[in-house]
Amino acid sequence: MAHTPNTSPSSLSPLSKVIFASRWLQLPLYLGLILAQAVYVLQFWRELVHLIEAALGNQHALQILVQSIGYKSAAPLEGLNETVLMLVVLGLIDVVMISNLLIMVIVGGYETFVSRLNLEGHPDQPEWLSHVNASVLKVKLGTAIIGISSIHLLKTFINAENYSEKTLMWQTIIHIAFLASAIAIALSDRIMHPPGAAAPGEH
């Protein structure tokens, strides 16, 4: 049975009201992340247009793609090859995954720390948003970061000949560190909130 607190907004002291209202200072941060996501959308479409142009034989677009992915070849490129195509597509996937991460931070963070979105019953409500809290959000963000790191590591290995052994080693170590951190966060969340345990405020 859920416990309903008796505290109403009118019964809060002036200091409590100011402190509680300070959560709205985060609103410009989330709006800024929305603008950052718009920049990622523009970047995605710019890369996609260059990819299509390069596939149609546009050498200028091909050179832009080669420079953006840091690809180098001993022989001059006469057209879009499989390695360049794979690296560009992985870059597009990377943008999408970062955009997904931004959505999690914007929607989940706003819902958790600022104000309710009142999406109950909405057909497009994300499944995870119905039980989101700071702990769940940390686990999901950790998982998303691992996915992004995996894409970066795969891009590096595909283009390994253009990287030093030291760079390859440190990228692998950093990825393992991300993986270990996410596992530690998930384990700590499971210990603090074991399956089947009552939610806070219920008894």
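What percentage of the 203 residues in the protein is buried?

Buried residues make up 27% of them, where buried means under 20% relative accessible area, exposed over 50% and partly exposed in between, with a 1.4 Å probe and protein chains only. Before you dig in, note that this is a predicted model, in which local features need pLDDT of at least 70 and side-chain atom pairs count only at pLDDT 80 or more, while totals for chains, interfaces and linings use all residues. Residues are numbered from 1 along each chain as its sequence is written, and side-chain values use heavy atoms, with hydrogens and water left out.

**Exercise 1. Sketch the overall layout.**

Step 1: Start with the secondary structure. The protein has six helices and zero strands, giving the pattern α-α-α-α-α-α along the sequence. Both kinds of element are DSSP runs numbered from the N terminus: helices are H or I with at least four residues, strands are E with at least two.

Step 2: Turn to contacts, meaning heavy atoms within 4.5 Å. Of those between residues at least 6 apart in sequence, 63% join residues at least 24 apart.

Step 3: Add the surface. Its accessible area is about 13,500 Å², and 67% of that belongs to carbon and sulfur atoms. The areas come from the Shrake-Rupley method with a 1.4 Å probe; for residues, only the protein chains shown count as cover.

**Exercise 2. Work out which side of helix α3 is buried.**

Step 1: List the buried residues of α3 (residues 59–69): Ala61, Leu62, Leu65, Val66 and Ile69. They sit on the same side of α3 because they cover an arc of only 140° around the axis, taken from the directions from the helix axis to the C-beta atoms.

Step 2: Recall the geometry. An α-helix has 3.6 residues a turn, so residues three or four places apart point the same way.

Step 3: Look at the other face. The exposed residues His60 and Gln67 are on the face turned away from the buried side.

Step 4: Find the cover. It includes α2 (27–55) and α4 (82–113).

Step 5: Check both ends. At the start of α3, a side-chain oxygen of Asn58 comes within 3.0 Å of the backbone nitrogen of His60. Just after α3, Gly70 has a positive phi of about 70°.

**Exercise 3. Track down the partners of Glu111.**

Step 1: Place the residue. Glu111 is in helix α4 and counts as buried, at 8% relative accessibility.

Step 2: Look for a salt bridge, which needs a side-chain nitrogen of Lys or Arg within 4 Å of a carboxyl oxygen of Asp or Glu. Glu111 makes one with Arg116, with the closest N and O atoms 3.1 Å apart. By that rule the count is one salt bridge.

Step 3: Compare the partner. Arg116 is exposed, with a relative accessible area of 57%.

Step 4: Check the backbone too. A polar atom of the Glu111 side chain lies 2.9 Å from the backbone nitrogen of Leu117.

**Exercise 4. Describe the surroundings of Leu85.**

Step 1: Leu85 is also a residue of α4, and it is partly exposed, with a relative accessible area of 36%.

Step 2: Leaving out residues up to four places away in sequence, Leu85 touches Leu51 and Leu80.

Step 3: Ala55 is 30 residues from Leu85 in sequence, and their C-alpha atoms are 8.9 Å apart.

Key
A polar contact is a pair of N or O atoms within 3.5 Å; within protein, one must be able to donate a hydrogen and the other to accept it, and residues adjacent in sequence count only if both atoms are side-chain atoms.
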